[in-house]
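The following exercises concern the structure shown below. Each task is followed by a solution worked out in steps.

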Amino acid sequence: MFNVLVWSPQTSYSTTFYNPLFYLFKTHYKYHGQCSDDVNWITYDNHSISLELLQSKKPDVIFLGVYPWNKANIVEFVKMCQTEFPEVPIFMGGVTISFYDLSEYGTFYNIKGLVQGEGEVPVTLIIDAIIN
């Protein structure tokens, strides 16, 4: 089984968590991916992911939705992944990646790619390329 983590912390408030990226990517891959039966989709219903949670799921690839309001959470998460899981490729997308200055994201040495614009097709292609 190939584990795909899609995470985008939405707010810092204790409200109901909803990760639209997770459902969009999962649904698109189900109908257009080459290995849909072999992919296990993972997301978390909270604003941060602990090391223990990450170790328990062992993702093979990570996709992060980066927005102005969650950038600090994402930066901390990427630092943790770089230390604990340097072999796991990380891809970033979202409004911040699509429309803001990208120069600061070059400092994340484990970022394998940035997805600008709509992510459903690129995420499907990336997953298929890694699996195959």
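## Exercise 1: Architecture and confidence

From the N terminus on, the elements of the protein follow the order β-α-β-α-β-α-β-α-β-α. The model is predicted, so that local features need pLDDT of at least 70 and side-chain atom pairs count only at pLDDT 80 or more, whereas totals for chains, interfaces and linings use all residues. Residues are numbered from 1 along each chain as its sequence is written, and side-chain values use heavy atoms, with hydrogens and water left out.

Task. State how many helices and strands there are, and which elements have the lowest and highest mean pLDDT.

Solution.
- Step 1. The protein has 5 helices and 5 strands; helices (H or I, at least four residues) and strands (E, at least two) are DSSP runs, numbered from the N terminus.
- Step 2. The mean pLDDT of the protein is 83, and 85% of its residues reach 70 or more; pLDDT is the predictor's confidence in each residue, from 0 to 100.
- Step 3. Among the elements, the lowest mean pLDDT, 79, belongs to helix H4 (residues 95-99), and the highest, 94, to helix H5 (residues 120-131).
- Step 4. Of the 132 residues, 47% count as buried; buried means under 20% relative accessible area, exposed over 50% and partly exposed in between (1.4 Å probe, protein chains only).
- Step 5. Among contacts (heavy atoms within 4.5 Å) between residues at least 6 apart in sequence, 70% join residues at least 24 apart.

## Exercise 2: Helix H3 and the nonpolar cores

Task. Identify the buried residues of H3 and determine which element gives the most to the largest nonpolar core.

Solution.
- Step 1. Helix H3 (residues 71-84) has 14 residues and reaches 20 Å from its first C-alpha to its last, close to the expected 20 Å; the expected span of a helix is 1.5 Å times one less than its number of residues.
- Step 2. Ile74, Phe77, Val78, Met80, Cys81 and Gln82 are the buried residues of H3. Their cover includes strand E1 (2-7), helix H2 (51-57), strand E3 (61-65), strand E4 (90-93) and strand E5 (111-115).
- Step 3. Valine 78, in H3, counts as buried because its relative accessibility is 0%. Its C-alpha atom is separated by 9.9 Å from that of isoleucine 62, 16 residues apart along the chain.
- Step 4. A nonpolar core is a set of buried Ala, Val, Leu, Ile, Met, Phe, Trp, Tyr and Cys residues joined through side-chain atoms within 4.5 Å. The largest one has 20 residues, and those with the most contacts inside it are Leu5, Trp7, Leu54, Ile62, Leu64, Phe77 and Met92. E1, E3, H3 and E4 are the elements that give two or more residues to this core, and H3 gives the most, with 5 residues.
- Step 5. Another core, of 18 residues, lies apart from this one; Phe2, Phe25, Trp41 and Phe91 are among its members.
- Step 6. Not counting residues up to four places away in sequence, leucine 54 touches Leu5, Tyr44, Ile49, Pro59, Phe77, Met80, Cys81 and Phe85.

## Exercise 3: Helix H5 and its surroundings

Task. Why does the span of H5 agree with the expected value, and which residues does glutamate 120 contact?

Solution.
- Step 1. The 12 residues of H5 should span 16 Å at 1.5 Å a residue, and the end C-alpha atoms are 17 Å apart; the two therefore agree.
- Step 2. Glu120, Val123, Thr124, Ile126, Ile127 and Asp128 are buried in H5. The buried residues of H5 pack against E1, helix H1 (20-32), strand E2 (39-42), E3, E4 and E5.
- Step 3. Glutamate 120 is buried yet has no salt bridge, and the nearest side chain of opposite charge, lysine 26, is 15 Å away. A salt bridge is a side-chain nitrogen of Lys or Arg within 4 Å of a carboxyl oxygen of Asp or Glu; Lys and Arg count as positive and Asp and Glu as negative, while His and the chain ends are not counted.
- Step 4. Leaving aside neighbours within four places in sequence, glutamate 120 is in contact with Leu24, Phe25 and His28.
- Step 5. Threonine 124 counts as buried because its relative accessibility is 5%. Beyond residues up to four places away in sequence, threonine 124 touches His28, Tyr29, His32 and Gly33.

## Exercise 4: A loop residue

Task. Is lysine 58 buried or exposed, and where is it placed?

Solution.
- Step 1. Lysine 58 lies in the loop between H2 and E3.
- Step 2. Lysine 58 is exposed because its relative accessible area is 59%.
- Step 3. Lysine 58 has a positive phi of about 50° although it is not a glycine. Most residues other than glycine have a negative phi.
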